[in-house]
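Student: Could you take one part of this protein and go through it slowly with me? I would like to see how its pieces sit against one another before we look any further.

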Amino acid sequence: MTRYALFLGCTIPARQPHYEVSARKSLAKLGIDLVDLEGMTCCAPPPLQSIDLETSLSMAAYNISLAEEADLDIVTLCTGCFESLAIANNLLRENAKLKERVNKILSNAGKEFRGNKEVRHYLQVLMKDVGIDHLKKNVTRKLGNLKVATFYGCHSLRPSALLKFDDPERPKLFDNLVEALGAKSIWYRNKLKCCGGLLRGYADDIALAIARDKIAMATKAGADCLSTLCPFCFLTLDLGQFLMKSTYHEEYNLPILHYTELLSLSLGIDPKELALDFHKIRVDKVLSKIS
Amino acid sequence: MDEPKVGVFLSEGGNQSSKVLDYDALASFAKNVAKVVLVERAKEFWRGDGLKAIVNAVKTKKLNRVVVAERLPKLSEVNIVKAVEKAGLNPFLVEVIDLEDHCARPHRNKPAEATAKAKAMLLAAIERAKLLEPLEKLEFPALKSILVIGGGIAGMQTAEDLAELGFEVQLVEKEPFLGGLASRAGRFFPTDDCAICIQAPSTDVKSITHTSRKCVYRSGFTEIQNLNVLTNSKITAVEGVPGNYRVTIEKKPRYVDEQKCIRCNLCAEVCPVEVPDDYNVKLKKRKAIYINIPEVYPPVYVIDEKACKFHECEKCVKVCPTKAVELDQKTEKKTLNVGAIVVATGFEEYDPSVIKEYHYGEYPDVVTNLQLARMIDCFGPTGGSIIRPSTREPAKRIVFVQCVGSRDRRWNPWCSSICCMISLKNAMLVKSADPETDVTICYIDIRTTGREHEYYYERARDMGIKFVKGRPTEIAHDPEDNTLIVDVEDAVSRKFLELEADLVVLATSMVPTQGTKELASMLGIELEQDGFFKEYNAKLRPTETKRKGIFLCGGATFPKDAPTSSLHAHSAALKAAKFLSTGKIVKDQKTAVIDDEYCGDCEFCPVTCPYGAISLVQKGEDHFVAQVSELQCEGCGICVGTCPLNAIELRHYRPSQMLAQMKALMSVNGTSKPLILAICCSECGHTAVDSSGMAMLEYPANVRVMKVPCTGILQIHQILEAFKAGAQGVMVVGCKTDGCHYEVGSPKAKKKVELAKMLLKEYGIEPERLEMFNLVYIEGDKFAEVAQTMTEKLEKMSPLQLSSS
């Protein structure tokens with residue numbers, strides 16, 4: 001059993017319990033033991049870094065210090081959380097002065113950042129601790145004829161030098177893990193571009209246009225579903241399809257699934273246990289294709 | 001050396017000097033200086049009767065030192081020195097000073113002060129003259145043979161020029177065939193003529209006229225007398241001195257006898273090995289025994305060592321009708337002695353596969369301009385048709401991407417200058433061959449400098465080639481329909497475009513050829529930051545290097561189009577010919593000498609010398625001493641300033657000479673202001689003083705100017721000696737730190753001044769008494785300004801009291 005401290009963040013417990021439940025069930029099946037630590041707080045989302053770096057790093061370092069105390073590496077589901085924590089972890093390890101200043105702030109809360117633990121995204125954990133071969137062996141329900149459009153989003157890939165997730169120009173990790181489930185990872189235009197989500201609330205029309213482009217391209221390429229890693233991308237592309245319908249009068253009905261949901265399905269977990277009702281776009285099409 | 005007998009010649013010059021300076025007082029002052037045997041006055045001494053008077057006095061009075069105060073000394077000195085030499089006196093025993101621009105003009109409103117300063121200047125010149133020593137004119141033999149490295153368009157033209165001028169020329173090319181990058185370009189802009197076409201040698205008797213152009217293979221190039229071509233060869237070592245460089249060359253075996261091969265192609269037909277063809281940038285395959293194209297020189301097949309199976313196969317040996325294939329040929333080593341070397345190693349395309357967003361090397365239909373040029377060339381891999389390498393089908397939609405790897409700080413910051421024209425040329429050739437082809441060029445700026453070039457751009461637009469102002473962010477590949485998609489923001493229409501293409505052509509940056517660094521270190525010459533060879537001076541010596549006898553031409557200094565490369569090549573040939581034409585190198589003995597006894601073999605001077613003129617030679621077991629090559633020494637004195645043991649002196653600027661001058665300049669004040677010694681380098685520093693005088697600018701007469709070859713010669717103790725001699729302040733005036741005529745002298749002086757300031761502080765002397773100024777010639781106004789402010793600053797301080805004074 002490999003043990004990790006699970007960092008859930010805010011969006012997943014509040015809005016996307018289906019992401020959490022599928023992650024917990026599938027990772028447990030693959031021998032990953034997720035430990036919930038008490039006292040985890042906000043990850044200090046990436047935009048905060050541009051407002052006040054030290055404050056944001058201190059918040060992230062606070063969370064990491066909890067894992068250090070428990071002697072566990074961290075795994076995240078949300079790529080935004082992954083980015084915040086991984087940047088903080090690597091930046092503070094490299095920069096002694098910054099670490100000193102952050103630790104001074106943390107001392108008010110009785111914490112200290114040491115930098116002796118890793119922050120990983122669960123895709124990295126699957127690759128490193130489970131491995132493609134082991135994963136393939138555990139697949140009981142092959143997603144044989146499912147065409148999946150993978151969507152990496154921004155936070156997982158960049159800044160690549162700090163995150164060390166994958167080659168930001170030619171990422172393969174996600175696609176390899178989808179293909180390990182027996183599904184086909186398809187190419188579609190603008191695959192590596194933004195989901196538009198971060199523009200919501202500021203320029204809704206542009207945000208929606210970008211999201212629409214994403215959905216349209218994946219549909220055009222013949223995708224059965226689009227798979228995401230980030231709850232924010234999910235929200236933008238799933239709920240966004242309703243807005244596309246009212247704004248553009250276009251109905252795509254492209255199911256959006258988190259990778260953990262595809263994983264759970266392929267590991268033979270009953271769809272009824274996966275809280276799939278939380279999806280705005282019904283996933284029945286996908287279920288009918290794989291059963 | 002005999003007892004000094006100094007003659008002083010005072011030119012009263014123009015109105016300015018005679019109105020300001022009291023020449024009677026000056027003459028009687030000079031007469032009373034020890035060893036002065038003659039003082040003469042005239043309107044001018046640098047020509048006509050004045051010059052005759054000097055010659056006469058040297059002869060009749062047996063003068064052995066001549067001091068002349070004359071206007072425009074940098075000009076007049078030439079005449080005076082020549083005349084004195086004719087009169088039988090060593091020309092290095094003459095000292096010429098300028099009482100007009102350095103004294104009368106800037107102090108014209110204070111005649112008494114000016115006369116006092118003139119006395120000090122005269123005394124300094126006399127004291128220095130007394131200590132001058134006769135120097136020789138040196139002659140070194142120079143071989144009338146030249147090595148040209150690189151057989152591209154530049155190297156071939158230089159070699160041809162030089163051979164026809166009668167020099168023995170060795171042309172070394174690392175590839176098995178001549179031609180270089182230019183010959184692969186298909187066509188040249190702006191004339192659209194054939195790339196393998198070169199100037200036919202004037203000695204070709206069969207040419208209709210000597211101006212005719214011909215293909216390389218029929219030009220008779222290699223039959224030029226005195227020209228020896230070594231292909232498949234590279235330089236492995238360079239030793240020796242200008243005029244006699246000893247070069248080691250490694251000639252790789254061709255495995256085919258050049259005399260026997262009849263180019264029948266039977267060998268290539270039977271050869272079972274196929275490898276990607278580098279000449280055609282891997283667009284096709286070739287055999288292990290091959291020839292690039294039928295039109296190359298030498299017209300002899302060659303075996304690719306890395307691919308051939310040699311004795312395991314031997315098919316070519318058996319089939320060859322003339323028994324030309326010799327699989328047991330070995331690498332030959334040759335040494336050549338040459339008087340000069342011309343580097344013409346050119347440039348090459350940058351490998352764009354590092355720019356991941358363009359997927360070069362991953363998507364076969366993303367190619368470079370050179371690959372497209374090979375396709376356009378009817379001798380090329382596709383016989384002139386433009387195809388998609390992935391399917392070999394015709395490419396109907398073509399997008400060019402400009403500035404790939406250039407003008408980009410991630411890769412190469414420079415503009416490669418020729419890629420815009422290359423793309424325009426290729427785009428038009430494609431479009432005119434098939435007007436239906438859809439051609440788009442994505443650019444940042446289209447740079448069409450040069451005659452006819454803008455017209456070329458205009459014609460491209462008329463032909464219907466589309467232009468998008470924007471640098472593409474990504475090239476994607478749609479595997480479904482095998483289409484490339486170029487994402488680009490058009491800055492003109494302010495729209496994001498997704499251009500669909502069958503073929504994307506990258507206009508890649510041009511970079512130095514592989515091995516440039518190694519060659520530079522072998523030759524002992526420098527590279528610019530961009531990695532290209534550095535010319536001595538881009539404006540005035542664009543084909544020369546800091547090392548005498550080593551010249552540059554063509555793309556070796558920066559990417560160039562063919563016309564500019566030709567120009568550069570002919571220019572380099574002329575410079576090399578001029579260097580060797582007399583068979584000897586003549587130079588004076590204004591050089592550094594090393595006192596073996598003091599030399600501590602610390603290796604500071606060999607490393608510091610900008611000309612590589614100093615080396616360490618063994619003197620007994622474990623003991624080395626530095627040795628100066630008089631041929632290479634430029635007499636700047638930077639080694640003097642560097643030596644921690646005072647073991648080096650310049651023959652014409654010995655510390656004793658400088659000290660005597662310093663003391664004399666400080667011996668007469670005549671003003672109420674604190675004396676300042678301005679130590680000026682002979683290049684921009686001293687001429688800035690000239691230009692302030694010429695411009696009639698005023699500054700106080702307490703500022704006294706002493707000339708040194710380069711400020712790099714200064715040693716810290718000399719600065720302290722200046723204070724000891726009576727200076728209240730010291731100004732060091734040198735060239736701009738990035739414009740030092742001796743490269744490193746001025747920046748070194750700057751550091752030394754900083755160090756001296758720290759020492760002054762230690763000794764309880766205000767460090768502000770010492771300043772360094774970096775000026776260029778035209779900044780005479782700045783000199784006057786800093787002389788004024790320095791004086792004002794010192795006036796506010798209490799006088800410097802040194803224990804010895």
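Tutor: What follows begins with one sheet and its helices, and then turns to the cores and to a single loop residue.

Please keep in mind throughout that this is a predicted model. The part to look at closely is an open sheet in chain B, made of four strands that pair in parallel and follow one another in the order 2-1-3-4. At its edges are strand 2, residues 36–42, and strand 4, residues 94–97, each of which pairs on one side only. If you ignore direction, neighbouring strands of this sheet are turned by 15° against each other on average. Strand 1 of chain B, which covers residues 6–11, is joined to strand 2 of chain B by six bridges in the parallel sense, and within that pairing G7(B) has L38(B) of strand 2 as its bridge partner.

Two helices of chain B can now be added to the picture. Helix 3, residues 48–60, lies across strand 1, strand 2 and strand 3 (65–69), and runs at about 165° to strand 2. Helix 6, residues 111–131, packs on the sheet as well and touches strand 1, strand 2, strand 3 and strand 4, while its direction makes about 155° with that of strand 3.

To place this part in the chain, note that the domain assignment gives chain B a domain 1 of residues 1–135, with domain 5 (589–648) among the others. The centres of domain 1 and domain 5 of chain B, taken over C-alpha atoms, are 34 Å apart.

Elsewhere, the largest nonpolar core has 128 residues, and those touching the most other members are I146(B), V148(B), I341(B), V342(B), V504(B) and A576(B). Helix 11 of chain B, residues 419–433, gives the most to this core, with nine residues. As for A576(B), its contacts beyond four places in sequence are I146(B), L162(B), A340(B), V342(B) and F551(B). Another core, of 115 residues, lies apart from the largest one and includes V708(B) and A756(B).

Finally, consider T345(B), which sits in the loop between strand 20 (340–343) and strand 21 (347–349) of chain B. T345(B) counts as buried because 29 other C-beta atoms lie within 10 Å, and 20 or more are enough for that description. Although T345(B) and G150(B) are 195 residues apart in sequence, their C-alpha atoms are 4.7 Å apart in space. Besides G150(B), the contacts of T345(B) beyond four places in sequence include I149(B), T513(B), T516(B), L519(B) and A556(B).

Note on methods
Residues numbered from 1 in each chain as written. Chains lettered and ligands numbered in written order. Predicted model: local features only at pLDDT ≥ 70, side-chain atom pairs only at ≥ 80, totals over all residues. Pairing = 2+ DSSP bridges. Axes fitted to C-alpha atoms, helices over the stretch in contact; angles between N-to-C directions. Contact = placed C-beta atoms within 7 Å. Domains from an automatic or database assignment. Core = buried A, V, L, I, M, F, W, Y, C linked by C-beta atoms within 7 Å. Buried ≥ 20, exposed ≤ 12 C-beta atoms within 10 Å, placed from the backbone.
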